[in-house]
Amino acid sequence: MADSKELGSANRRISAVTNHLIPVGLIPTRVDSVELCNASSMNDNYHKVHGEVPTNEIVWRKADFVGEGDNKEFVDIIYEKAVGEDIAKITINRPERRNAFRPQTVKELMRAFNDARDDSSVGVIILTGKGTKAFCSGGDQALRTPDGYADPKDVGRLNVLDLQVQIRRLPKPIIAMVAGYAVGGGHILHMVCDLTIAADNAIFGQTGPKVGSFDAGYGSSIMSRLVGPKKAREMWFMTRFYTASEADKMGLINTVVPLEDLEKETVKWCREILRNSPTAIRVLKAALNAVDDGHAGLQGLGGDATLLFYGTDEATEGRTAYMQRRPPDFSKFARRP
Ligand SMILES: CC(C)(COP(=O)(O)OP(=O)(O)OC[C@H]1O[C@@H](n2cnc3c(N)ncnc32)[C@H](O)[C@@H]1OP(=O)(O)O)[C@@H](O)C(=O)NCCC(=O)NCCSC(=O)CCC(=O)c1ccccc1C(=O)O
């Protein structure tokens, strides 16, 4: 009788062929995700020790306001933290505009992400949109000016680009939780997040060339990394929309779940991440971004190396010697092969 390893690899081979043969659009979910992690294959020592993550319902409370100046409340976003768990949730709250962002939205998002970065009780951040119709439909076209996007009386600019950079550099995992449309600049927001969990009603795509816009930064380069250069050209040149299962198949997202399970599944992923080493995850995020982010990517990874070094006796000896006005004695520290 075939053992579970053989069955697993046979299953994978069948899936690979099946996925190849069924035309895109007809596959409800990725075939290879159906039976590979069944109960018996999870019956190993690792799973015996660690068990499943808790499935209790998450309780959100509004996070303390972290506004500046005259802004006493968040208007365009909802910022929450889980009670007793290290998860923050940032929700774009303009459902009547399909969660399109205006400059104020982006400013509020940046403030909330800053807070979540600085709060050592936060280990994972969820970015989502209010309601089930849209994650985010990109820049608010009503506020587009020749200079970029501008709130009334403000000068126009493309401040969402700063938000994208912030998401990439933030040393904690950020999960895009997508229901409905993630299009235009909203599609780019989910792409720059570390993981994307989509509801089965999610729709992905770029609209730029249709509405006289494009993102030649992360919106092009990261997409090409995710789906490959040919598919990226298709997405940008054709401005087609793709279903969640199509997006899953092309590697644009991590998984698809029924809409009603979206938050439950996202929280499960958060809880799984949270039981792993935060430093390992921090360095891995920097490492996974380093090549694509060039010097800035190396700066993140290099900063992590320095951060870890500061915690060692060797680094402390250098600092202590300086403060004590004596030469440092590094002789006791290993020169590792
Ligand atoms: C998202 C839709 C496909 C949803 O369609 P549907 O469900 O039928 O709803 P609608 O009736 O169309 O919309 C309801 C309501 O919302 C308004 N609305 C929706 N999206 C926007 C928007 N982006 N801006 C303004 N308003 C919006 C819509 O007008 C309706 O209002 P009513 O008053 O009720 O009529 C569909 O809505 C849709 O296609 N939306 C537009 C998508 C789009 O083209 N987005 C802009 C793409 S360009 C962009 O995002 C650039 C962003 C940017 O800042 C940037 C610039 C330069 C470089 C990089 C970037 C970057 O973001 O990375």
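**View 1. Cys 136, a buried cysteine without a partner.** In this predicted model, Cys 136 has a relative accessibility of 0%, so this residue counts as buried. Which cysteine sulfur is nearest to that of Cys 136? The one on Cys 193, sitting 11 Å away, and Cys 136 is in no disulfide. A pair would need its sulfur atoms within 2.5 Å.

**View 2. Cys 270, another cysteine in no disulfide.** Here the nearest cysteine sulfur is again that of Cys 193, 12 Å from Cys 270. Is Cys 270 buried or exposed? Cys 270 is buried, with 0% relative accessible area. Go through the whole structure and the disulfide tally is zero.

**View 3. Phe 330 and Phe 333, a tilted ring pair.** The structure has three aromatic pairs. In the pair of Phe 330 and Phe 333, the ring centres are 6.3 Å apart and the planes meet at 55 degrees, so the arrangement goes down as tilted. How do the two rings fare for exposure? Phe 330 is partly exposed, at 38% relative accessible area, whereas Phe 333 has 15% relative accessibility and counts as buried. The cut-off for buried is under 20%.

**View 4. Lys 210 over Phe 241.** This close-up is about a charge and a ring. Lys 210 lies over the face of Phe 241, and the distance to the ring centre is 5.4 Å.

**View 5. Arg 325 over Tyr 322.** Now for an arginine and a tyrosine. Arg 325 has its charged end over the ring of Tyr 322, at 5.4 Å from the centre of that ring.

Notes:
Residues numbered from 1 in each chain as written. Predicted model: local features only at pLDDT ≥ 70, side-chain atom pairs only at ≥ 80, totals over all residues. Heavy atoms only, no water. Phe/Tyr/Trp six-rings, centres within 6.5 Å; stacked < 30°, edge-to-face > 60°. Buried < 20%, exposed > 50% of the residue type's maximum accessible area, 1.4 Å probe, protein only. Lys NZ or Arg CZ within 6 Å of the ring centre and 35° of its normal.
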